[in-house]
Amino acid sequence: MSNIWEKFDKEIDKDIQKKIEEAENSEYVEVPLGDYEVKVDNMELKISKSGNPMVSIWFRIIAGDYNNNLLFMNQVINQPFQIGLANKILRALAPNKNVEFQSYTQYANLILDVFEEIDGKYEYALKYGEKKGFSTFEVLDIFEV
């Protein structure tokens, strides 16, 4: 009998204990709409609670009153306009990367490639807004680290 948790065990981050302690010692803070200096902490294609493919990007605020808080961009991509929105943010984060959708498998790999390309190398000026009740994210500037 195989252990159903082996798949999850393999995905454990080597710094998980440190991150658990940080989470236990932090309080949820509602980050107001505005402009923030951020880095990308995580980026992936995953399944939403409703069962649809969804681009998930975690922006960590790295300066100011909300330093170390997270902004979560979750964009379901089962409609062409939704894929267009995801393409726009991916191109803004990695302007030299060819971003296009061909299949969900290809797109999942593309997202991982974009994250690998930018992780630890770039920080961003990000406008966190809202439109029709949905959070919006716009990259205003890119800074090399």
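F72 is partly exposed, with a relative accessible area of 42%. The model described here is predicted. This briefing addresses the aromatic pairs, in which F72 takes part, and then the surroundings of Q75, a residue of strand 3.

**Aromatic pair of W58 and F72**

- The count of aromatic pairs comes to six.
- One of them joins W58 and F72 in an edge-to-face arrangement, with 5.5 Å from centre to centre and 85° between the planes.
- Because W58 belongs to strand 2 (residues 53–61) and F72 to strand 3, this pair ties together parts that lie 14 residues apart in sequence.
- W58 is partly exposed, at 30% relative accessibility.

**Other aromatic groups**

- The planes of F101 and Y104 stand at 75° and their ring centres are 5.0 Å apart, so this pair is edge-to-face; the cut-off for that class is over 60 degrees.
- F101 counts as partly exposed, with a relative accessibility of 28%.
- Y104 is likewise partly exposed, at 34%.
- A single aromatic cluster is formed by F59, Y128 and F137.

**Surroundings of Q75**

- Q75 is located in strand 3, which covers residues 70–76.
- Is Q75 buried or exposed? Q75 is buried, because its relative accessible area of 17% falls under the 20% cut-off.
- When neighbours within four places in sequence are left aside, Q75 is in contact with P53, M54 and V55, and also with Q82, L85 and A86.

Conventions. Residues are numbered from 1 along each chain as its sequence is written. This is a predicted model: local features need pLDDT of at least 70, side-chain atom pairs count only at pLDDT 80 or more; totals for chains, interfaces and linings use all residues. Side-chain values use heavy atoms; hydrogens and water are left out. Helices (H or I, at least four residues) and strands (E, at least two) are DSSP runs, numbered from the N terminus. Buried means under 20% relative accessible area, exposed over 50%, partly exposed in between (1.4 Å probe, protein chains only). Contact means heavy atoms within 4.5 Å. Rings of Phe, Tyr and Trp (its six-membered ring) pair if their centres lie within 6.5 Å; planes under 30 degrees apart count as stacked, over 60 as edge-to-face and the rest as tilted.
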